[in-house]
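Thanks for sharing this one. Below are some notes from a first read, set out as numbered points so that you can follow along in your viewer.

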Amino acid sequence: MKPLTPLLLLSLLPAIAFADKVELRTPNNSFVVELKQGAEPQFLYYGPALKSQDIENLEKASDANWSCADLYPAYGATHTQNEICLAMRHSDGNMSTQMLIDSWKESNVNDLAPNGAKRSGQLLTITLSDPLYPITVHLYYLAYDDVDMIESWTDITNGEKKTVTLTQFYNPLLPVRRGNVYWTHFNGSWASEAQLIELPLANGLVEVKNKDGLRNSATDRNEIMLSLDGPARENEGDVIGAALCYSGNFRITIDTDESDYHQYFAGINPDNSEYHLKRGETFTTPHSAYTYSTRGTNGATQAFHNWARKYQLRHANQERMILLNSWEGVYFNINQEGMDQMMKDIASMGGELFVMDDGWFGDKYPRNIDNSSLGDWVVDTRKLPDGIPGLLRDAKKNGVKFGIWIEPEMANTVSELYEAHPDWIIKAPGREPVQGRGGTQVVLDLTNPKVQDFAFSIFDNLLSNYPEIAYIKWDANAPVMNHGSQYLPMDEQSHLYIKYHEALIQLCQRIRAKYPDVIIQDCASGGGRANYGLLPYFDEFWVSDNTDGLQRIFMQWGTSYFFPAIAMASHISAVPNHAVFRTTSLKYRCDVAMSGRLGMEIQPKNMTDDEKAFCRQVITDYKRVRPVIQFGDLYRLHSPYAGDNLASLMYVSQDKQQAVFFWWKLETFKNQHVPRIKMAGLESDKYYTVHELNRIDNKPLSCEGKSYSGAFLMQTGLEMPYTHDVDHNKLNDWASRVLQLTAE
Ligand code: GLA
């Protein structure tokens, strides 16, 4: 038995003076809290939408103790042993804080989402304060009217006469009723991003975190799913999807103590980031986004995809162009002739955009490898004598749009920029800077307004001088390697990570205010910045520097849990693959790349005429099915992680008239059998005609041109041959299929 605390005694009193159950409602979900003046806010329910009488009767889990259903435990007054959301040192040194309800307010919201789209919803604002100190916290809950998404965040205001120090600042926690709960999270490394891991939640504490400083999705990711009734299933069972919409260091903790709830905490990583909040200042936390699905993992995925396409992603209602990026084709070997040839080649295959990657800049120090020139964003006229006008001229001639790569937050110590502004970089006070990629890469200190202006000027110079530039690839290839800002005062050094990301978002907002139309790719050593903190300012992200067809299936699978295909840049590249040296067939690579935002990452000059012709056909077909893949609903059908050598997924248009089905075998052994795949998301009574795309077989599939009911396709599914029917000299061990389904 725990000793009865004053708070528990209070809650046992029969009269619940001024208590209220407040429901937040999205189309299919209810989120209910219990609020009572002078008490801590209590969680009651998150799940399928409730009727009012059921809300009246709601109660906490029977064994809920005094800590676990509090939405915002603060350290020191009543919470000491349990995990907490807020911890601070008051100006007089007192380390205890108590956050009790002053008032709450419900209001309708009609405003602009971060991507600029209009949104409407219901906002609950709970005002908390400390009885002893003038510290005010607002907890915010925003429930969207048209998607099953609730966002929650806080702001903390210091009303004390002097500075207070925040040492922990999570969002309100989400209690999750214990049962048979499994959590899915995503972990990776460079070239192996978003690997899916699913584990049961047992007693104890589990955590995912990032401390890179810049690239917060390179290793652990800040999105998780919780399956509430056993291991997650795609189309059945209750699942909560949760994302922290933040680009910086984060920490997500799920604590399972003796109570009836798993407690999910998410927020800025407080490690080495204590925050000195001056008198009158307010600290705002990044948003958490939640959805609750009764249709398994897929329901949670679809809610996130809908929310992303409506309110998070730039230009989400515009089809994405098919592009060729120069990186894997030529690396740093940029020159006018080569760029012209690549533009001509991608145009001849039906592509719509050419992106010139790294290697185009540097005057005093040419960027021939990765050890110099970042910061010197002037065209290297030895390589490109006609400069950007010459490239735009060639693009126009070839009938493609033009895009360019930059890395605005970085410098090399071998650069004119560093020579002029050695004080602009992040480095530990009094120490030599640690240098990263190429032995000379350093990170610019975005907390410095002069650096912010410089980073903005890189975009501004390119886009105002050359408004025809249609696309920017924004890269970031270094972490914070030693801690220190040369701009922030010594007593604010611990603000570095937080201020950096505040400045990064402000930079994005400034760019978007002036250049709303340009397409911007979010890249950071591959998929290091796939997060909902940054995505509202970007059109897409680079999934990984690993473009190997096989490993991409796994990475894109994991990435698809929270991010829609329209945002996932997915390119056909050469073999042996530059990251894993595997040789897959061109068809296999095309069939994988086509399941995302299709592009190419290859030197077309090195392709045979047959290969080019095949890619031309792939691009033609992709254009036809592009709206289904980019705007349709995703159904994951068979996981590559299941371990039985098969992966399959499909996209279905919102009106269920069109679908595209992908099927990839993962390895080949004789006498190896894979299951028949049942489709999903179709209309049972509709008949769908099947047409194979990217076909290489001599004979069409037996299902080619035939019509099947949605019911048959979903209950039984089509038989797929395990190998391809091709001439002997074309046989290889890769097998995959893409089928287009069209309702009659
Ligand atoms: C990073 C990116 C690549 C490429 C290189 C260029 O690794 O992820 O796509 O742009 O930088 O140096």
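1. Which side chain of opposite charge is nearest to D70, and how far away is it? This is a predicted model, and in it the answer is K60, at 5.8 Å. D70 is buried yet has no salt bridge; a salt bridge would need a side-chain nitrogen of Lys or Arg within 4 Å of a carboxyl oxygen. What D70 does have is a polar contact of 2.3 Å with the side chain of Q42. If you want to find the spot, D70 sits in the loop that runs between α2 (52-57) and β4 (86-89).

2. Q42 also helps to place K21. The C-alpha atoms of K21 and Q42 are separated by 9.4 Å, with their positions 21 residues apart along the chain. K21 belongs to strand β1 (residues 20-25) and is partly exposed, at a relative accessible area of 23%.

3. Where does the side chain of K21 go? It reaches the backbone oxygen of I55 at 3.4 Å, and a polar atom of the K21 side chain lies 2.6 Å from the backbone oxygen of E56. I55 and E56 are also among the residues that K21 touches beyond four places in sequence. That list further includes N57 and L58, as well as V32, V33, E34 and L44.

4. Stepping back to the whole chain, there are 13 helices and 36 strands. The radius of gyration is 27 Å, close to the 27 Å that the globule rule gives for 744 residues, so the chain is as compact as a globular protein of that length. Along the principal axes, the C-alpha trace spans about 80 × 70 × 45 Å.

5. On burial and contacts, 64% of the 744 residues count as buried. Of the contacts between residues at least 6 apart in sequence, 70% join residues at least 24 apart. The accessible surface comes to about 27,300 Å², and carbon and sulfur atoms account for 50% of that surface.

6. Q336 is worth a look too. This residue lies in helix α5 (residues 336-348). Is Q336 buried or exposed? Its relative accessible area is 12%, so Q336 counts as buried. A polar atom of the Q336 side chain lies 3.5 Å from the backbone oxygen of G390. Apart from neighbours within four places in sequence, Q336 is in contact with residues including K383, L384, P385, D386 and G387, and also with L391, R393 and D394.

7. Two residues other than glycine have a positive phi that you may want to check. For S373, phi is near 85°; the residue is in the loop between β22 (353-356) and α6 (387-398). S373 is buried, with a relative accessible area of 0%. For N671, phi is near 55°, and its place is the loop between β33 (658-665) and β34 (687-693). N671 is exposed, with a relative accessible area of 67%.

8. Last, a backbone detail. Which two residues does a cis peptide bond join? They are V575 and P576, with omega at about -5°. P576 is found in the loop between β29 (568-573) and α11 (586-593).

Key: Residues are numbered from 1 along each chain as its sequence is written. Side-chain values use heavy atoms; hydrogens and water are left out. Helices (H or I, at least four residues) and strands (E, at least two) are DSSP runs, numbered from the N terminus. Buried means under 20% relative accessible area, exposed over 50%, partly exposed in between (1.4 Å probe, protein chains only). Lys and Arg count as positive and Asp and Glu as negative; His and the chain ends are not counted. A polar contact is a pair of N or O atoms within 3.5 Å; within protein, one must be able to donate a hydrogen and the other to accept it, and residues adjacent in sequence count only if both atoms are side-chain atoms. The radius of gyration is taken over C-alpha atoms; the globule rule is 2.2 Å times the number of residues to the power 0.38. Contact means heavy atoms within 4.5 Å. Accessible areas come from the Shrake-Rupley method with a 1.4 Å probe; for residues, only the protein chains shown count as cover.
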